[in-house]
Amino acid sequence: MKKNILITGGAGFIGSHVVRLFVKKYPEYMIVNLDKLTYAGNLANLKDIEDQPNYRFVKADIVDADAIFKIFEEWKFDGVIHLAAESHVDRSIANPMEFVMTNVIGTVNLLNAARNTWKDNMEGKLFYHISTDEVYGSLSNEGYFVEDTSYDPHSPYSASKASSDHFVRAFNDTFGIPALVSNCSNNYGSYQFPEKLIPLFINNIRNNKSLPVYGKGENVRDWLWVEDHARAIDVIFHQGKAGETYNIGGHNEWTNIDLIKLMCKILDKKLGREVGTSEQLISYVKDRAGHDVRYAIDSSKLQRELGWNPSLQFEEGLEKTIDWYLDNETWMYNITSGDYQTYYEAQYTKR
Ligand code: NAD
Ligand code: DAU
C-alpha cells in the first residue's frame, strides 16, 4: 500500500538505520527523513540510499511548530516514526533546557501536527514514539524493566524522554491519536556519534588516547545491536497495537569495565599490539552525576506477541562494529574534524 511515512532524526545513529531499512524494504512507501542536523545529525550516514526515488530529506527543527505544521500539510503523512532527540546523558547534565525543547516541546509539536492532519480520519494512521529504558530509572543487581515498571528518571535526558512518553500516551487517550511507544536498551553498531561509550573508546584506543571510565566502571548496561533495534521498530510499526508499549532489549548485560577490557583485547589483536597494551589506556575518572547503576530490559512481550528476537550474539556484533569503525576511518575523521557539517551544503543546497 502506498504511504507517506515521516521518520524524524533519520540522520542520527539509530534513525539512519531505520531510514535505510524502510527505504530498501518498502519501495511503495515515500520515506521523508526530517532532521535539524544538529551536531549528531550526519547525512553521510545515508549516502548509500540518498538517491533512491522513495526517499526525501527535509531539514527542519521539530521545535518550530509552524514549520512542522507546513510539512504535515504538504505531505499528509500516514505514519510517523519519531526518533529525533537530544540523546546524550552527559550533554543533558551540561544543558538541560536543550533537552526540554527538543525532546518535550518538539514531540508535542509533532503530536499537534499529526492530530490536525488526522482529525477527520484516524483510520490506518500511527504515531510511533521511540523511547529509552532510562525512563524506568536504575535497577540494583536483581530484576528487569517490564512495560508497566513505574517511571523514575534521574538525568535531565531521561526526565525529558519520560515527559515525551507521557505526552504521546496522553494524546492517544485524550484525542484518540493512534500512538504507541517502545523503550529500548543501549544500542551499538555503525554510524554512532563518537561521544557514546563504544565508538568513543574504539577511536581512543586506536589513537592511543586515554579511556575515561566513570567511577569504578561497575555500572551495567544491556547492549543491543542497532540493526536489531531497527528490525524491532519495523515489526512494531506494522504489527504493534496503538495504545501499547513494547520493551526492546538484548538480554545482554555487561559492566562497563568488562566491556571496555573486551574492546581493548579485540583491538590489541586487530591492531597488532601486544596483549594488554590498550588496557593501559584505562583511566578512572570522576563519576557521572546521578549515574544509573544498572539497566536491564525484559523484552518477552515483544518476542511473544510480535515474534521479534535479537539476531546477533554480542561478541560477534562487537567485532563487526569494531571492524566497521576501523574500516571507516574517513567517516570518523570527518566527525572528529567537524568536516561532516559541510556535507549538507555541498550535497543539498546546490540541487
Ligand atoms: P542521535 O543523537 O544519534 O540522533 C538524533 C538525531 O535527531 C540527529 O540526527 C539530530 O540531528 C536530530 N535532532 C536533534 N534535535 C532535533 C530537532 N530539534 N529537530 C529535528 N531533528 C533533531 O540519537 P540516537 O542514539 O540515534 O537516538 C535516536 C532515538 O532513540 C532518540 O529518541 C533516543 O532517545 C532513542 N534511544 C536511543 C538509544 C541509544 O542507545 N542510542 C537507546 C534507546 C532509545
Ligand atoms: O539505555 C539507553 C540509552 O543508552 C539511550 O537512551 C541514550 O540515548 C544512550 O546515550 C545510552 O545512554 P548511556 O548513558 O547508557 O550511554 P553512554 O554511551 O553515554 O554510556 C554508557 C556507559 O558508559 C554509562 O554507564 C556511562 C559510561 N561511560 C560513558 C562515557 C561516554 C564512561 O564510563 N565513560 C565515558 O566516557
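Biologist: What makes the pairing of glycine 12 with ligand 1 a polar contact?

Modeller: A backbone N or O atom of glycine 12 lies 3.0 Å from an oxygen atom of ligand 1, and because a polar contact is a pair of N or O atoms within 3.5 Å (within protein, one must be able to donate a hydrogen and the other to accept it, and residues adjacent in sequence count only if both atoms are side-chain atoms), this pair qualifies. This is a predicted model, in which local features need pLDDT of at least 70 and side-chain atom pairs count only at pLDDT 80 or more, whereas totals for chains, interfaces and linings use all residues. Residues are numbered from 1 along each chain as its sequence is written, chains are lettered from A and ligands numbered from 1 in the order in which they are written, and side-chain values use heavy atoms, with hydrogens and water left out.

Biologist: Which atoms of aspartate 61 and isoleucine 62 pair with a nitrogen atom of ligand 1?

Modeller: For aspartate 61 it is a side-chain N or O atom, 2.8 Å from a nitrogen atom of the ligand, and for isoleucine 62 it is a polar backbone atom, at 3.0 Å from a nitrogen atom of ligand 1. The protein covers 97% of the 840 Å² of accessible area that ligand 1 has on its own, where accessible areas come from the Shrake-Rupley method with a 1.4 Å probe (for residues, only the protein chains shown count as cover).

Biologist: Which residues around ligand 1 come nearest, and which element gives the largest share of its shell?

Modeller: Of the 28 residues around ligand 1 (near means that a heavy atom of the residue lies within 4 Å), Ile14, Asp35, Ser87, Tyr157 and Lys161 come nearest. Strand E5 gives the largest share, three residues, where strands (E, at least two residues) and helices (H or I, at least four) are DSSP runs numbered from the N terminus.

Biologist: How do you know that aspartate 133 and arginine 221 make polar contacts with ligand 2?

Modeller: The side chain of aspartate 133 has an N or O atom 2.5 Å from an oxygen atom of ligand 2, and a polar side-chain atom of arginine 221 lies 2.8 Å from an oxygen atom of that ligand, so both fall under the cut-off for a polar contact. Of the 690 Å² of accessible area that ligand 2 has on its own, the protein covers 94%.

Biologist: Which elements each supply at least two residues of the shell around ligand 2?

Modeller: Helix H6 (197-206) and strand E8 (211-214) do. Asparagine 208 sits in the loop between H6 and E8, and has a positive phi of about 55° although it is not a glycine.

Biologist: Why is helix H10 called roughly perpendicular to helix H11?

Modeller: The axes of H10 (residues 314-327) and H11 (residues 329-337) come within 5 Å and cross at roughly 70°; angles of 65 to 115 degrees count as roughly perpendicular (under 35 roughly parallel, over 145 roughly antiparallel, the rest oblique), which makes H10 roughly perpendicular to H11. The axes are lines fitted to C-alpha atoms, for helices over the stretch in contact, with angles from 0 to 180 degrees between N-to-C directions. In contact (heavy atoms within 4.5 Å), Trp324, Tyr325, Leu326 and Asp327 of H10 meet Glu329, Trp331 and Met332 of H11.
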